[in-house]
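Hi everyone, thanks for coming. I'd like to walk you through one structure today, so have a look at it first and then we'll go through it piece by piece.

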Amino acid sequence: MQPSTPDLLTMLTELIATPSVSCTAAHWDQSNLSVIGKLETWLSGLGFKTEVMPVPGYPGKANLIATLGSGPGGLVLSGHTDTVPFNAELWNSDPFKLTEKNARFYGLGTCDMKGFFAIAIEAARQFVDKPLQQPLIILATADEESSMSGARALAEAGRPKARYAVIGEPTGMRPIYMHKGIMMEQVRVKGRSGHSSNPSLGASALDAMHSVLGELISFRKELQRDYQNSDFAVSVPTLNLGCIHGGDNPNRICGACELEYDLRPLPGMSAENLREAISKRLQPLQQQFGVEIITEPLFPGLPAFHNDKHSELVTTAEKLTGHQAEAVAFGTEAPFLQELGMDTIVMGPGSIDQAHQPDEYLAFDQIKPTVAVLEQLIARYCFSS
Ligand SMILES: [Zn+2]
């Protein structure tokens with residue numbers, strides 16, 4: 001016999017105590033294998049078939065696919081194993097020590113979203129002795145908070161396959177059927193430095209960048225005129241000019257300038273078309289200012305997610321939770337699971353307001369109702385063929 005799987009509180013304590021920060025800054029980035037290892041032990045203890053899938057090109061990172069039962073349909077309960085970086089000095093407790101206070105569990109990853117694994121396993125536990133007609137799959141991914149490399153690798157591998165998927169990001173158990181995409185892009189202007197007393201001695205990257213900014217702001221206006229979706233709190237696509245670096249001295253013509261911006265497309269807007277439209281607009285400035293303009297994505301981008309508002313899973317989740325399906329502003333792995341052909345929603349315990357913050361917590365009163373809803377979803381999708 002396998003060692004018995006610990007209770008919910010022990011699982012939560014151990015998950016929080018196991019650091020798994022993912023970050024594009026190398027000094028923060030950590031492996032997620034210890035979290036994957038714990039989940040694998042607990043789930044195989046319950047009779048799940050487990051498969052650790054290393055993420056190609058990302059050493060020390062892996063996804064876990066744990067499957068109970070078999071069949072062509074079934075349900076995926078999915079979460080990410082990583083957390084964001086943290087500022088320990090701003091916390092009132094140790095971020096890696098599960099701390100009970102004010103009817104809440106405090107700790108890094110309690111709501112975003114290691115807590116969901118403990119809850120999903122608790123729900124699954126009720127079914128281990130019953131013969132499932134369709135599989136229950138618990139999916140644990142790597143690097144959601146940085147590159148989404150885990151979910152991308154799954155989409156590439158075409159796995160896992162099931163009919164329905166719930167991603168347990170913190171939504172206060174409101175079913176989410178739609179979110180915007182995320183693009184982060186860079187514009188580099190290469191000019192030529194020279195003495196400031198004579199403009200013809202160089203080509204000012206800053207002058208050119210001034211026009212680049214103007215073009216991007218006009219483009220934003222056009223996008224917001226042409227695309228709207230009133231289901232979102234911010235109903236238009238956004239384009240934020242995030243940071244700019246260039247030049248060194250007042251008396252030198254600026255030789256190089258870089259800009260980074262973030263663009264949040266609505267469902268139906270393609271990143272490729274947006275990139276093309278932007279570089280087309282910036283192209284003429286090269287000749288005008290005698291500079292080179294290079295546009296590049298900072299990461300591959302996250303597509304927008306849009307499920308049918310009346311899909312089987314959306315409707316069922318609405319009934320079970322008493323909440324109407326909503327759209328949210330944050331990005332998730334949902335587009336990648338949807339790409340695998342699953343009816344997908346985002347729905348989990350806790351609030352996004354507490355995610356990525358010091359003193360992140362999961363309120364006690366979120367736990368039992370979540371276990372109950374997940375049990376009902378498992379009963380519905382893994383027991384009827
Ligand atoms: Zn998350």
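**Starting from the core**

Let's begin with L136: if we skip its neighbours within four places in sequence, L136 is in contact with F48, A66, T67, L68, L75, L77, A124, I378 and C382. Keep in mind that this is a predicted model. The largest nonpolar core has 82 residues, and L136 is one of the four that touch the most other members, along with L39, L75 and V212. There's another core, lying apart from that one, with 18 residues, including L154, I167, I176 and A334. If you're new to this, the general background is that in soluble globular proteins, nonpolar side chains tend to be buried together.

Two of the contacts of L136, I378 and C382, bring us to a helix. Helix α9 runs over residues 367-383, which is 17 residues. From its first C-alpha to its last, α9 reaches 24 Å, close to the 24 Å expected at 1.5 Å a residue. Which residues in α9 are buried? They are I367, T370, V371, V373, L374, L377, I378, Y381 and C382. Looking down the axis of α9, you'd find those buried residues within an arc of 165°, so they line one face of the helix. The general idea to remember is that an α-helix has 3.6 residues a turn, so residues three or four places apart point the same way.

Let's zoom in on T370, which sits in α9. T370 counts as buried, with 0% relative accessibility. Leaving out residues up to four places away in sequence, T370 touches I119, M173 and P349.

Now for a shorter stretch, helix α4, residues 149-157. Its buried residues are S149, G150, A151, A153, L154 and A155. What covers the buried residues of α4? The cover includes β1, β2 (62-68), β6 (136-141) and α8 (334-339). Just after α4, G158 takes a positive phi of about 70°.

Strand β1, part of that cover, spans residues 49-54 and contains E51. Is E51 buried or exposed? Neither, really: E51 is partly exposed, with a relative accessible area of 33%. Not counting residues up to four places away in sequence, E51 touches N63, L64, I65 and R159. Measuring C-alpha to C-alpha in the model, E51 and E40 are 8.1 Å apart in space, and they're 11 residues apart in sequence.

Next up, the metal. Which residues coordinate the zinc ion? H80 does through NE2, D112 through OD and E169 through OE, at 1.8 to 2.1 Å. Along the chain, the donors follow the spacing H-x31-D-x56-E. H80 is in strand β3 (residues 75-80), while E169 is in the loop between β7 (164-167) and β8 (176-179), so this pair ties together parts that are 89 residues apart in sequence. Both H80 and E169 are buried.

Last topic: cysteines. How many disulfides does the structure hold? It holds 0. Take C243: the closest cysteine sulfur, in C257, is 10 Å from its own, and that's too far for a bond. C243 is partly exposed, with a relative accessible area of 28%. C254 is in no disulfide either, and the nearest cysteine sulfur, again that of C257, is 5.3 Å away. C254 counts as buried, at 5% relative accessibility.

That's my tour, thanks for listening!

Terms used: Residues are numbered from 1 along each chain as its sequence is written. This is a predicted model: local features need pLDDT of at least 70, side-chain atom pairs count only at pLDDT 80 or more; totals for chains, interfaces and linings use all residues. Side-chain values use heavy atoms; hydrogens and water are left out. Donors are N, O and S atoms within 2.8 Å of the metal (3.2 Å for Na, K and Ca); water is not among the atoms, so sites may look incomplete. Helices (H or I, at least four residues) and strands (E, at least two) are DSSP runs, numbered from the N terminus. Buried means under 20% relative accessible area, exposed over 50%, partly exposed in between (1.4 Å probe, protein chains only). A disulfide is a pair of cysteine sulfur atoms within 2.5 Å. The expected span of a helix is 1.5 Å times one less than its number of residues. The arc is that of the directions from the helix axis to the C-beta atoms. A nonpolar core is a set of buried Ala, Val, Leu, Ile, Met, Phe, Trp, Tyr and Cys residues joined through side-chain atoms within 4.5 Å. Contact means heavy atoms within 4.5 Å.
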